[in-house]
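Biologist: I should like to learn how the features of a structural model are read. Please take them one at a time, with the general idea before the particular case.

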Amino acid sequence: MTAPVLAVETCVRRLAALRDLERRPPALEVDVDVSWCGPARFPPERQWSEASIQALCGLMAVHGWDHGRPRRLGLEVASVAAGLLAASGTLAARIGARRGRPVRRVETSVLGAGLWLVAHHLAAATSEGEPLPSPAGPEPGPPFRSADGRWFEIEVFDPDGWRSFWGRLGAADADLGRAWTAFRARYYRGRCSLPTGLHAAAARHPLAEIIAAAASSGVSLCPVRSYLEVLRQPGPEHDRPLLGRGAGASALGAGRRPEDRGDGGDLPLRGIRVVEATSRMQGPLAGLLLQMLGAEVIRVEPP
């Protein structure tokens with residue numbers, strides 16, 4: 001089963017549990033369509049996959065900046081993003097049904113989700129006055145490799161957690177400050193050079209010990225599969241919807257332009273006002289998705 005299907009089905013199961021808890025009448029059935037390429041026109045004989053979508057939308061090129069060549073991400077980032085978009089649309093459709101604005105169809109694609117993921121790199125590259133660290137140097141960036149040859153990625157938002165994690169692995173304090181500045185801005189830049197001492201520290205420990213250090217430090221860790229491991233996983237038939245088709249309105253932008261929607265039209269969150277005062281990428285992206293689903297979003301940010 002592919003990542004978009006898993007994300008959507010998890011969302012539906014949670015919604016069903018909430019519905020049973022509330023003891024309300026069954027919610028409106030929503031038809032969800034997660035395709036590989038959406039309304040874009042590509043050769044129908046092409047066997048689409050996560051790898052081909054990453055290449056097509058530019059994620060491989062961005063991920064390979066540090067290495068001077070395109071590199072596939074070892075995680076199904078575009079597929080998972082498509083599943084999250086579909087789940088967001090499904091939730092919005094259920095909310096709309098409660099408010100008398102039924103939406104019977106949600107559409108998105110893995111290609112569209114991949115383009116969303118890469119769009120902020122274009123914004124960072126063309127913005128003026130953005131306080132970003134200096135360009136990447138010759139040192140390698142993530143992912144890291146353990147003593148038993150396993151590649152892994154980490155995520156942490158707290159510098160204390162960052163210092164604790166690398167301290168448990170025996171990294172030198174002198175490497176941590178400069179590395180933290182580069183690490184936390186890697187999503188803006190699409191690149192990240194880290195001191196070789198961090199890679200050496202990871203290479204001294206097996207993955208099990210590194211996972212334990214991450215758990216003790218509040219750091220999220222994810223093993224990364226090799227490209228061959230990804231290819232060995234079977235995928236769906238080319239360019240077919242991953243869930244059923246049906247008739248009705250579209251909740252998430254598959255071919256619908258903003259000007260076609262007017263003031264929110266039949267979108268499920270029309271009439272809801274959201275005040276968004278977040279930072280980094282995740283919060284503003286959530287606000288933008290809510291706006292696409294019909295909400296009025298007011299963003300608060302520094303001058």
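**Salt bridges, cores and backbone**

Modeller: The side chains of Glu107 and Arg105 form a salt bridge, with an N to O distance of 2.4 Å. Please note that the model is a predicted one.

Biologist: Are Glu107 and Arg105 buried or exposed?

Modeller: Both residues, Glu107 and Arg105, are buried. They also belong to a network of salt bridges that links Asp31, Asp33, Arg105 and Glu107.

Biologist: How many salt bridges are found in the whole structure?

Modeller: The search returns 6 salt bridges. One of them joins the side chains of Asp173 and Arg163, at 3.8 Å from N to O. This pair links distant parts of the chain, 10 residues apart: Asp173 belongs to helix H7 (residues 173-184) and Arg163 to helix H6 (residues 159-168).

Biologist: How is the accessibility of Asp173 to be read?

Modeller: A residue is called exposed over 50% relative accessible area and buried under 20%, with partly exposed in between. Asp173 has 53% relative accessibility and therefore counts as exposed. Arg163, at 43%, counts as partly exposed.

Biologist: Which strands hold Glu296 and Arg273?

Modeller: The side chains of these two residues, Glu296 and Arg273, meet in a salt bridge of 3.2 Å, N to O. Glu296 lies in strand S7 and Arg273 in strand S6 (residues 273-276), so the bridge ties together parts that are 23 residues apart in sequence. Glu296 is partly exposed, with a relative accessible area of 41%, while Arg273 counts as exposed at 57% relative accessibility.

Biologist: Let us turn to the interior. Which residues have the most contacts inside the largest nonpolar core?

Modeller: A nonpolar core is a set of buried residues of nonpolar type, joined through side-chain atoms within 4.5 Å. The largest one here has 25 residues, and Trp36, Cys37, Ile53, Leu59 and Val110 have the most contacts inside it. Two or more residues come from each of strand S1 (31-35), helix H2 (50-57), helix H3 (59-63), helix H4 (77-98), helix H5 (110-126) and helix H13 (282-292). The most is given by H4, with 6 residues. Apart from this core lies another, of 24 residues, among them Phe152, Trp162, Phe165 and Ala201.

Biologist: Which residues does Ile53 touch?

Modeller: If residues up to four places away in sequence are not counted, Ile53 touches Trp36, Cys37, Trp48, Ala78, Val110 and Leu111. Ile53 is among the buried residues of H2, together with Glu50, Ala51, Ser52, Gln54 and Cys57. H2 is thus mostly covered, with 6 of its 8 residues buried.

Biologist: What is the phi of the residue that follows H2?

Modeller: Most residues other than glycine have a negative phi, and most peptide bonds are trans. The residue after H2 is Gly58, and its phi is positive, near 100 degrees. As for the peptide bonds, Pro142 and Pro143 are joined by a cis bond with omega about 5 degrees. Pro143 is placed in the loop between H5 and strand S3 (144-145).

Biologist: How many disulfides are counted?

Modeller: A disulfide is a covalent bond between the sulfur atoms of two cysteines. Here the count comes to 0 disulfides. Cys37 counts as buried because its relative accessibility is 3%, and Cys192 counts as buried at 4%.

Biologist: Which residues make the nonpolar surface patch of about 250 Å²?

Modeller: That patch is made by Val275, Ile298 and Val300. Val300 is found in the segment after strand S7 (296-299). Its relative accessibility is 45%, so Val300 counts as partly exposed.

Biologist: To close, what does the secondary structure of the protein chain come to?

Modeller: The chain has 13 helices and 7 strands. Of its 303 residues, 40% count as buried. The accessible surface comes to about 16,400 Å², and 56% of that belongs to carbon and sulfur atoms. Among contacts with a separation of 6 or more, residues 24 or more positions apart account for 73%.

Terms used: Residues are numbered from 1 along each chain as its sequence is written. This is a predicted model: local features need pLDDT of at least 70, side-chain atom pairs count only at pLDDT 80 or more; totals for chains, interfaces and linings use all residues. Side-chain values use heavy atoms; hydrogens and water are left out. Buried means under 20% relative accessible area, exposed over 50%, partly exposed in between (1.4 Å probe, protein chains only). Helices (H or I, at least four residues) and strands (E, at least two) are DSSP runs, numbered from the N terminus. Contact means heavy atoms within 4.5 Å. Patches are made of residues with over 30% relative accessible area and no salt bridge: like charges are joined within 9 Å, nonpolar side chains (Val, Leu, Ile, Met, Phe, Trp, Tyr) within 5 Å. Accessible areas come from the Shrake-Rupley method with a 1.4 Å probe; for residues, only the protein chains shown count as cover. A salt bridge is a side-chain nitrogen of Lys or Arg within 4 Å of a carboxyl oxygen of Asp or Glu. A disulfide is a pair of cysteine sulfur atoms within 2.5 Å.
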